[in-house]
Every structure is written in structure tokens, then in C-alpha cells.
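Good morning, colleagues. I should like to take you through one structure today, starting from a single detail and working outwards.

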2 protein chains.
Amino acid sequence: MARSLCALLAVMLILVADLRSQHRTAGRHPRLVASPMEVQLMRAERGKYPLFAAVFQNARTLIDSALRRPLDVPVPKDAAGYTHERHKQNYREMQTAGMMYQLTGDERYASFVRDLLLQYAKLYPSLGLHPAAVGKSGGRLFWQTLNESVWLVNTSIAYDLVYEWLSPDDRARIEEGVLRPMAKFFIKDCASTVDRIHNHATWMTAGIGMLGYVLDDKRYIETALKGTKQSGDAGFLRQIDLLFSPDGYYSEGPYYSRYAIYPFFVFAESIERNQPELKVYERHGGVLGKAIEAILQLTTENGDIIQINDAMTKTVKAQELVLAVDYAFARYPNLQHLLSIAAEQGKVTFDAAGLAVAKALNGSRPAPYAKRSVELSDGSNGDEGGIGVLRAGEQGSQAMLVLKYTAQGGGHGHFDRLNMLFVDEGRSVLTDYGAARFVNVEPKYGGRYLKENSSYAMQSVAHNTIIVDETSHYAANLEAGEKHPGQRRYVSTNDPSYQVVSAIAPDIANGVTVERTMALVTDAALTRPVVLDVLKVFAKRAHQLDLPFHYDGHLIHTNVRYEARTSSQKPVGKANGYQHLWETAGGESDSTISVTWLLSGRYYTVASAAAPKTELLFVRTGANDPNFNLRSEPAFLLRRDTTTTVFASIIQPHGVFEPVDELSLGYRPPFNRVRVLFTSDEATVVEYSGDGAIRWRFAVSHGPSDEARSHTVRIGGETLTWTGNHSLIKN
Amino acid sequence: MARSLCALLAVMLILVADLRSQHRTAGRHPRLVASPMEVQLMRAERGKYPLFAAVFQNARTLIDSALRRPLDVPVPKDAAGYTHERHKQNYREMQTAGMMYQLTGDERYASFVRDLLLQYAKLYPSLGLHPAAVGKSGGRLFWQTLNESVWLVNTSIAYDLVYEWLSPDDRARIEEGVLRPMAKFFIKDCASTVDRIHNHATWMTAGIGMLGYVLDDKRYIETALKGTKQSGDAGFLRQIDLLFSPDGYYSEGPYYSRYAIYPFFVFAESIERNQPELKVYERHGGVLGKAIEAILQLTTENGDIIQINDAMTKTVKAQELVLAVDYAFARYPNLQHLLSIAAEQGKVTFDAAGLAVAKALNGSRPAPYAKRSVELSDGSNGDEGGIGVLRAGEQGSQAMLVLKYTAQGGGHGHFDRLNMLFVDEGRSVLTDYGAARFVNVEPKYGGRYLKENSSYAMQSVAHNTIIVDETSHYAANLEAGEKHPGQRRYVSTNDPSYQVVSAIAPDIANGVTVERTMALVTDAALTRPVVLDVLKVFAKRAHQLDLPFHYDGHLIHTNVRYEARTSSQKPVGKANGYQHLWETAGGESDSTISVTWLLSGRYYTVASAAAPKTELLFVRTGANDPNFNLRSEPAFLLRRDTTTTVFASIIQPHGVFEPVDELSLGYRPPFNRVRVLFTSDEATVVEYSGDGAIRWRFAVSHGPSDEARSHTVRIGGETLTWTGNHSLIKN
């Protein structure tokens, strides 16, 4: 044992000596994702820490298998088929092979990168617009320039890694054949994309700028950082300032933040290594570090990113988040707790940051990442609404309530002011459809956004929020939506057993303004936290007001007598998303409407005050969907024709259902009566009560947030007094 | 270390000495699930082996908490609500408390059992028919006598465990107040149930017989074993002979086998301990051991019991299977490999067998239970059809094909002759609806079978088999169905890469007979095994023939031009289950019909020959379902109006879809053309081909199985020759 320890020590000393000599004689590449000195460290420690040893082994397996196949640089053809995937695979393999060359010195890896790049240098000049290009964003290698930008980001890294090994002739051929022509195509033909404040521009400027650092081309670098006019009005640095709020919320929402954060971090890392004086990681209040935290706080306990705006299934394990977590860990001293997410991800990047994370982790099991109640402002100055997340319960079995009052979120934003989501113990109970798209699935419109995305998924009725006269918020008009961000009222999280979030959406349609106040309440008498929901609609004349609840699970019970559409079904409406909803049943009530469903092990009930008279419509997605593009999902809508009114509800998890043990308990919700006791322009008081003598009254003040103002209302013979924005009176 | 070992040894010696002295002076109770000597062993080793230590700890927690609550023996009221659950909980707690008394000597546990039994002794004589009783099977404590039988089984065990501790007065009160009156109610008022050959009778005879052993009442014992006339024409022993096939297949299918196996094993164990001369575990060829193996072979790789006949979600972890596995392990020397299932279950019974299993397992990880291709005959003599299960691929990622050609299966049997299921890597790809029921969910008709169970779930169209003229097999008439078991042709599993199962269902409706031959084929050119399906319909005149495929997943592509019912939906038909299917789209073809869907990570395509002209109907369950009792699930139907014909299909898993990595590959199936090249009364030849020059021909012989007969058919200019039942010619 002692002997082998000595041998190991000897090897390490040699490596350290080697490292030092290398450092003295080191060339100036690589310079994007690792320095020559870090490469020596990675060589020495590549098998030492489990996660880095694994990424090295996987890389070796991937590239050794690639080396056995003939190279293929096909003429581009499809938007999501073989040639598309092949070119993506090529840049992944080039980048990995480049790093394998650095870590092993095996020239077969360097040759692999060179040979592919020489083929690209031959192919690229022959290409016109991609045959599957759509509109103005068409690329040459790929159907959209977005993918082409990603290619350049990854290929610049690969090129950097083999740069010193290449002959000057090969460098010239590669640079003149593909790298510079592509950069030129971006800067000249796609100048408007470069100068956008948008994730497509982030990728494109990252590609141009990273190539600039590899080639020492100041023009590329300045264009990337400051826009084609090099004025600073556009470009990467401006994007950092404008695309994130001071809290790190990305304007398009967490799904696209997950996507955009990759070029943000990979280019930031290149900037930090080559122009540290720009202090890119500190820019806009260190917003890149805040951005990764914002994404993580917008995930459920299962690690799923919440689906708001255009969004599909993504988890904390997405490769972009692996990179962002590793880079943030390596650069932000205050983000060392990200190590727990790295442990959950179970993988690290194949570069210097990845080694640092693997070394810090080294088989340990850090405490789980703390997901807490947070409020994230939206807008580059933090003054365009935001999103409130309330969490209650123990880590591992939390209840999570989300109220969305962000700005529009650009072209991927949905018309969903004051939309809410509810997740209980990892189950998505009240859901958002997300995007209508099957990414990369060729038969589904080439993997692109489906037309049902705009005709349904983006429309207000696809969300758990109010719709006026069957018209989406701001008539589903992007410009109008962008003029009307949601407005924060307050978020109150001091008392973990009674947390409240409140927001306003002004003038959402036909002059109607909506204010929604939601509380997440835990109580010793209840098995799980419940949600109180007071949604006040301010309207000068009568409108048809619809409040949908999109739920996951199987309908178990409603107290409302309804007529089911048993032998013929028709869509609920003709437009604005309503045309995609089959009406499966309908009824009405003027007392309390209660709907109970079952979702994997638990009952859930929404009980809502139904005075004035309220219709209850059961619906299911799938109407006017000739290509079977929509998932078939249930929802119910509360509908009321009235002026100013209050929709007051309580969302209750209760009981337990275990099919294997045939256990069913507590199918009746604790609260089954909801009444609006009082409402005025100043305040609303709602009573929630149940059979077991349980009675809560929830008082909310309207208008601007004011914690000091006291309110007094008379209800029947009783006087109710409270100070501030809200009050919960139990019994 | 040595010292503590010595101390431990000393304790053990004392315990063994104690055990021996106890044995000499042991009373005659307990005698049902453990002997006095075994009790001493359990006392000594109760903390020694992880699984038994856990069951002991759980029991202690459960009962210590029960001791702190007031006892409750409520007047029966509901069929699935509080009083129902309370009485169930009471017998569970009595049984556990009885064993806790035996293992600790703590008299609080014995008092708990006594006090509850004395309350039952007071309550029971006052009860008439249960208020929620339906029809003739109403009980007194429970809405059906079935639950009351279960109560008696568990309570007999509890009574046995405290028998010697009770005073003679208390014994008399308990026996005269509740135990004997209940036995009398069963034997006198429910004689026809006792004498049935049915799981209700198994539970009832188990209750009567086990009470008989505790009370030394010969009449009870003889009635339980041989029926109320004690002739042996009925009773428990006769049930063992008649309810299982020689292969251990239980007539109602694996879901109910899982249920029935509990009383079979618990009563068998009592018999073995008290009348070992009956050799109950060896009866009918040792069929009880075969029965547990049959259930396990009818589970997927996830451990889910396949859903055929009336069935709901159940896994190998069901408590009944924990008991059966433990008892079988303890009694059958040839079933020691059940230890791997015990490890998967992660729990053991709280009795002598549970200790034996925990001791044998003791933290080890046995090799996984081998699930293989099996054929299980149906019928007490094994001559009423059966079920064929083909499996291919590595343990952990098997493909599983099921062809069902059993007999009717009694009142829980479905009209599903030649129904097929396909499970791939644990995913249920082609599914059976199972039962329409929410067990124990009070708002769903008290947790009973829903009316949609008979109007939809039992009907032929709810299954992946042929339907003639929209009429279910045997007109969905139980008596007619029972006269027509399916008929085995052959199962061929010698070549693991080419396995075949074939069966016939004669005269299923309107004089039509169906023969179905299915092959599960692996091939180096394919990523996953595929299924070839040749379904020959013999009909003298033209009929409307429908072949549904009920699938799980999202529809991705079909090559058939169809008209979607976009703005109005109607049911496909008026009766026999068709009234519950919305028609979502329809088209037709006379070449090949191909339908592709996506199910969690993989594409699946069914391609079917469509000559003569074939309609394709897309449907979804949920029509004429006013109470939202049905799950909303998709299917498609092939429809053809013709006389004798062949439905030839191939079921293909292909490609991969990974949403988090946005990976989609291979959405096109390897085979996209299917043609019936030849068909006659003697044989059928089907060609399966694809774009990559892949071409298979599958030749199947009709009529009685004959492995020696040679067949020659001419197809165009070519002659095809094979010997035996089937042949697969690749290219």
C-alpha cells in the first residue's frame, strides 16, 4: 500500500513538473474554455474525480466510435432529419475531439477535427439558402441561422483546441473556407439579427465573438460585444443588460432562459478569459449568476422547469444547465451551493469548470438545493411586473404556487396575465399547456412550432386566468401585450404558514382590469397546504367572464347538476383558442361550485363561490385539430355574465388514494362552501367553511399596496377590521 | 468486539433454552400462521434481519398509535366510506396486535384485541342486512359478504393469537356474540356462496375453516374443506382443483388470481399446520406454487400485473403477493428463487414465513426473477385454451407479447378472444382498458364496478381483437362465452429470435371463426424486436370486420388521407361498446395503412395490409359517459366489409425521442409495406418490406397444428415451400 502511494506521488510530481515547464513554454491556445495551464491540470487529474472521470470516459467512447466511421459532411437537406442531426453531431464531436486531443496528446483526435473542418471549408462556399429555410431567418448549413450560430460557437471551441496543432496552410483553408465566410454572412446578411435583443442574437454574437478571440480579430470581437455599429446600443453586453431583470428573470421565461443561458455563459467565459477587464460576470449586478438561480427557483421539486410561455419538458439535467451551473460555480464565490444541483445533474462539462466542480464534489452528497418562496421582477429595470412563487412544507414534499404577472415576454410570451400554477409534492395539479410543438419530430411540421401554438397554446383560455368576452388579453396582439406588463402589488412571505402574493393586470380586454390575490396556507387541521384565490374583476359594463382551471387527473365528483354532451360534442367557441375546446358538459349554480379530481395518490378539489349565478363548463382540448397536434387534456371553466365581480376559490389537496393497497381516504375536501361576504373598491372578504366547523375569512384590500392602512367593513351585524393588505381570520 | 459477541451468544443460548422449555410446556395456540415454537424463534430473532425488523417496527408503530385512540366499532353505514374503512382497519389492527402480544408478551396488545372483539360481540347480534347491500350478496358488517369473509379470516388469526390469554368467560362472549353467529350466517344463509367455485367462496370457506381450527370445530372444518354438504363436490379443496389450470392459471385472470391467492395460501397454511395429512400444498400437482409463478410471469418488467379481464393497477408489491411469495418460499423447496421477488417487494409477512424469508434474504440482493416466454393453459384440466406470453431481449429491456385465448373467465371475464397486448421495455404500447372501476372511491358508485364496465370495458371493441358486425364475441353473453373457450394451436419458443404463438376462436359471432398467429422477431438490422400479426377471419358471407388497436401515446403520423371530425364529434356506433367511442377522424386505403405514435422515448408504428379496401377510424373513449367514468384514451380501428380475409400487420418499436436532450431519431419505421401475397384454407403468406431493401415473408399454415406437414404455395412465378406451422423467410 505504501509502495503504490509512493509511486502515485512520483507520478504526480512528474506531472506537476511537466505542468510547470509547459506553463513556461505554453502557446496562446486554447483560450476559450480552458487555458494551457488548466489543460495540464485536467491531464493530471482526468481520472481522479468520479464525475470528470466519467465525462472523460464518455468522450473517449464517443470519439473512438466516431473515428471508426467515415466522416460525413452532407449537403444540407432537412429541418429535423438526418442532415440536420448529422451537422449537429459533427460540431459536438469536433468539440469533444478537440478536448480529447488536449487531454491525451493523441493526434488522431486533432486530425479528426481538421479533416471535418476541411470538408466544411469545401462545402460551405457552395451553399446557398438552406432548402428548408422559412422566412428571413434561413441559414446555409441549417434551416435557421440559429442552429448555424450554435455550430459556430461549438466549432470555434473545437478550432481553438487544435489551433496550434494545425499547419498554417490548413488554418488558412479552414478560416477562408468556412469560419470567416460564416462570420461574414452573419455580420453582413444577418446584421439585424446580430443587433436584436433576443436569444438568437446571443447565439450569433457568441459565435462571432468567440471566433474573434480565436483569430485575434478585433472587429469580430467588437461587433459581438457592441453590435454591428460597435456603438454598444446592441451586442452581447447590451443583451446582458436588457434581457434579464435585476433578479435574473429572463424576459421569455425559464424555458428559454435555460436555452439562452448556454451562449451567455459560454461567451461570458471566453470574455472573462480574454478581456477580464470587462468584468462580464459582474455586469448588471452579476446578473448571470442570478439568472441560473432564477431558473432553478422556477423548477418543481422533481426538477422540472415550470411550463409558462412557450415551453416543453425540460429539467435541471438539461445540458445547458449543466454548463451554466459549472461555470457559475467556478466563477461566483457566492454560488458554491450550486454543487448540490451538479450532484443532481450527475454530470459536468468537459472543460476546466467541469473539473473544478467534479473536484469539489468528489463523491460527496451536498444538502439539496433549497427551493424557497421567491419573487422575481421582470424588465431590465425590474419594473415590468414579475412572477411570484410561494412554497410551503418540507423540502421533498412542498406545495408550490406560482402567480405570473410578468411582461409579455416577446414572441414566445403567452397572453396569460395573472395565470397561476399549482404543484403539490411534485405533481402538476393546475397546469399550463406550454407550447404546442414536438421539438425535432420531423412529421410534426419539421419539429417547428405548430400552428396550434398560436391558435391555442398562446391564447388566454389555455391558461388559468380570466378571459373577457372570449377575447384573449390584449387581443393576442404582441405589440399591445408588450405595452401592458403585469403589475406587482406585494409578496408577503414572512409567515411561512400564511404567504400571500398579489398583482394587477390593467385593461386586459374591453376595458376590464383584474386583480388577483392568492394565499398559500398551512394549518394543523389540514394534511396539506391549501390555496386561497381572490380574483377581482373591475368592469364598467357587463361582460362574459371565464375562469378556466386546467387540471391533471381524473374527474371524480362535482356538486353541480350538469348536462353531459353524451352523444355529440361541439367546440365551446369559434376563436381565440375556444375553437380547440370540446364542451363535454355544462351546468350552473348560485351557491358553491365544487370539482374534485384524482391525481396519482391524492384528491384535489377546487371550490368556488358561485353567486352571482355561475356556469360550470367541462371541456377537453382537441377540437379543430385536424393533425392531432394537441394533447387531449381536461379543464373546467367558471363563466359569469356580469360587471365588477369576484371569483373566489380554494384549491385543496386532500385524502389519499393508493391503488395497490386499495386505500382511499378523505375524498371529501375540508372546505366545501365559499362565499363572498363583502366586496367594494376598497376591499373584499371571502368566507371559506366546511362541515367540521372549520371557517376562515380572508380579507384583501384593493388598490395600491399599503401595509399601514387600516380597513373596516361591516358584514351583516359584524364589523371586521384589519391593517394592511390582507388578513386571514380563522374561525 | 469479542466481548460483545460473547454477550450476544449468551443471550442467544438463553433464548434457545427458553424456546425449548416453552416447547415442552407450549399450549395448543397459536396454530394458524405460527406455532408456539415458531413464536419463540420470532421473539429471539425479531430484530435480527432487516425486513423482519422493519415489519416488527411498523407493527409496533401502528398498534402503539392505535392504543392511543379510542376504540371504534361503528354501526355499518357505507360501502366505501368511514365505517367500511374502520372495520377493515380494525381487523388489520387486531391481527397485528395479536402477533405483537405473542412477540413481546405485552398484555396491552392482547387487551386491545379482546376489547375490540367484545364490542363486535355486542354489535353483531343487533345487525340486519347492511344498508348499502346490493342484491343477494349483502353482508351485515359490510355491504358484501366478501368483505365479511375477509374480516373472519383476519379475525380468526387475531383470536388464535390471544386465545390462551383470554378468560373462558370472554371467549364465550366473543364466540357466541360474533364468531359463531357469523359462521352460522355464512353456512346457513350463504350456503350457495360457500358452495360456489369462485373466489368469494374461497374467502368464505377460509374464514369458516380457520375459525374451525381455532375452535376445534370439526363441522366448520369439514364444511370449509368439502362444502356445506361435506361431500367434496364443493369447498376449498374442490376450489383448488377447479379454479386453477394445471399450469396455475386462475380462471378469472392474474388480477383476480392476485386477490384469490391470499385466502388460498392463508387457509392452505392453516390446513398444513393442522391437517398435514391432507398435503394441501401438493394438491392438484402442487398448483398453489404454480399459481404464484403464473401471476409473476404475467407481470411486465415494471412489476405491473397485465390488465386482462376486469383488472386495475396492481404490482408485485400487492400485499396479497407478499403473503403468497413468503408462504410459497417457506413451503416449496423448488421455489427458492421467489426470494428475488421478496427483495423487490421489500417487505415480508408478520409471521413465521415472513421471518424465514427475511432470514434467507438478510440484506442480500438475489439475481432478478427470470421472466420468460411461457404458455399457461386454462381450465381445470388444462384443455380450455390458455394464454401465450412471448418475451425477447435482455432482462430489464424485454419486449413482451401476450396472446389471450383463455376460456371466458366467469363474471369478471371479458369478451376478448384472441386479444393481444404489447409491452416494450416496460411501456404498455398496445393496451387493454382493464376494468371501469375506481376501487374504494366512494363518489364513483361507492367504489363498485361502474356500469361502463359492462357497457364498454367488457365488450370486444375495448380490446385488440376482431369484432364482427359491431357485435361482441358471443353477444357478450356469459353462458354463451363459457361454452366457447379459445383454442390453442401452438407456441414455438425454441428459437429466441423467432418465437410464434397461434390460437383459434371458433364461431365468435354470426358464424365467423378467427385464427391469429403472432411472431416476436429480433433481427440484427432492427433496434428492437418487432411483432408480426396474421389474423385470418373465416366467414361464409360478408361482414363488417373491425380490428382495433388501443395504444398509449401521442399520434405522430399516418400515411392515410383522412377527414378529421374537427367541429363536431359523434360516437362510432350505438351499442356493444361502440357508443362509448368518439370518432375523431376517418379515411381509407387499399395499399398499406401505417400509423405512428410516440410513447415516452420511443416511436411505435403499426403497418397493416389494406387490400381489400380498408377503412381507418381514429377514435377516443368518452362518448355516452355522463359521469366521466371512462379514462380518455385513443385507439384506431381497421374496418373492412368482406367475407374470409386476412388482417396482416407488423408492430414496430423504432427510433428514439429524448425531450430534455432534444434528440429525435428514426421516426420512420423499418417496415412500411405489408402485403398478403397468398391466402387459402391451407395457408397464408404475408410480405413485410421497407425502404432499406428489407423484405420478410411470413408463411403460416392454417388448421390443426402439424409440425411435420409440408406446404407448397405458388406466388406469381415463384414457389414457396415450408414444413410445419410457420416459416419466416428473410429476403
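Which residue in strand 16 of chain B is the bridge partner of Ser594(B)? The partner is Ala607(B). Please bear in mind throughout that this is a predicted model.

That residue pair belongs to the pairing of strand 15, residues 592-599, with strand 16, residues 602-609, both of chain B. These two strands run antiparallel and are joined over 8 bridges. In general, the strands of a sheet pair through backbone hydrogen bonds, in either a parallel or an antiparallel arrangement.

Let us widen the view to the sheet. Strands 15 and 16 sit within an open sheet of 8 strands in chain B, whose order is 7-8-9-10-19-16-15-12. The pairing in this sheet is antiparallel. At its edges stand strand 7, residues 487-492, and strand 12, residues 554-558. Each of these has a single partner strand, and therefore one side of each is left without a neighbour in the sheet. From one strand to the next, the twist averages 15°.

I turn now to chain A, and to a hairpin there. Strand 25, residues 710-715, pairs with strand 26, residues 718-723, in the antiparallel sense, over 6 bridges. Within this pairing, Ile715(A) has Glu718(A) of strand 26 as its bridge partner. The hairpin leaves 2 residues between the two strands. In the turn, Gly716(A) adopts a positive phi of about 60°.

What does chain A look like as a whole? Its secondary structure comprises 18 helices and 27 strands. Its C-alpha atoms occupy a box of roughly 90 × 65 × 55 Å along the principal axes. The radius of gyration is 28 Å, which agrees with the value near 27 Å for a compact globule of 731 residues. Of those 731 residues, 55% count as buried. Among the contacts in chain A with a separation of 6 or more, 64% are between residues 24 or more positions apart.

Finally, how are the two chains related? Chain A is superposed on chain B by a rotation of 180° with 0.1 Å of shift along the axis, at an RMSD of 0.1 Å. That is the relation of a two-fold axis. The C-alpha of chain A nearest the axis is that of Gln569(A), which lies 2.6 Å from it. As for the interface, 100% of the interface residues of chain A are also interface residues in chain B, so the copies meet through the same surface.

Thank you for your attention.

Notes. Residues are numbered from 1 along each chain as its sequence is written. Chains are lettered from A and ligands numbered from 1 in the order in which they are written. This is a predicted model: local features need pLDDT of at least 70, side-chain atom pairs count only at pLDDT 80 or more; totals for chains, interfaces and linings use all residues. Two strands pair if DSSP finds at least two bridges between them. Helices (H or I, at least four residues) and strands (E, at least two) are DSSP runs, numbered from the N terminus. Axes are lines fitted to C-alpha atoms, for helices over the stretch in contact, and angles run from 0 to 180 degrees between N-to-C directions. The radius of gyration is taken over C-alpha atoms; the globule rule is 2.2 Å times the number of residues to the power 0.38. A residue is buried if 20 or more other C-beta atoms lie within 10 Å of its own, exposed if 12 or fewer, and partly exposed in between; C-beta atoms are placed from the backbone. Two residues are in contact if their C-beta atoms, placed from the backbone, lie within 7 Å. Copies are superposed by least squares on the C-alpha atoms of residues with pLDDT of at least 70 in both.
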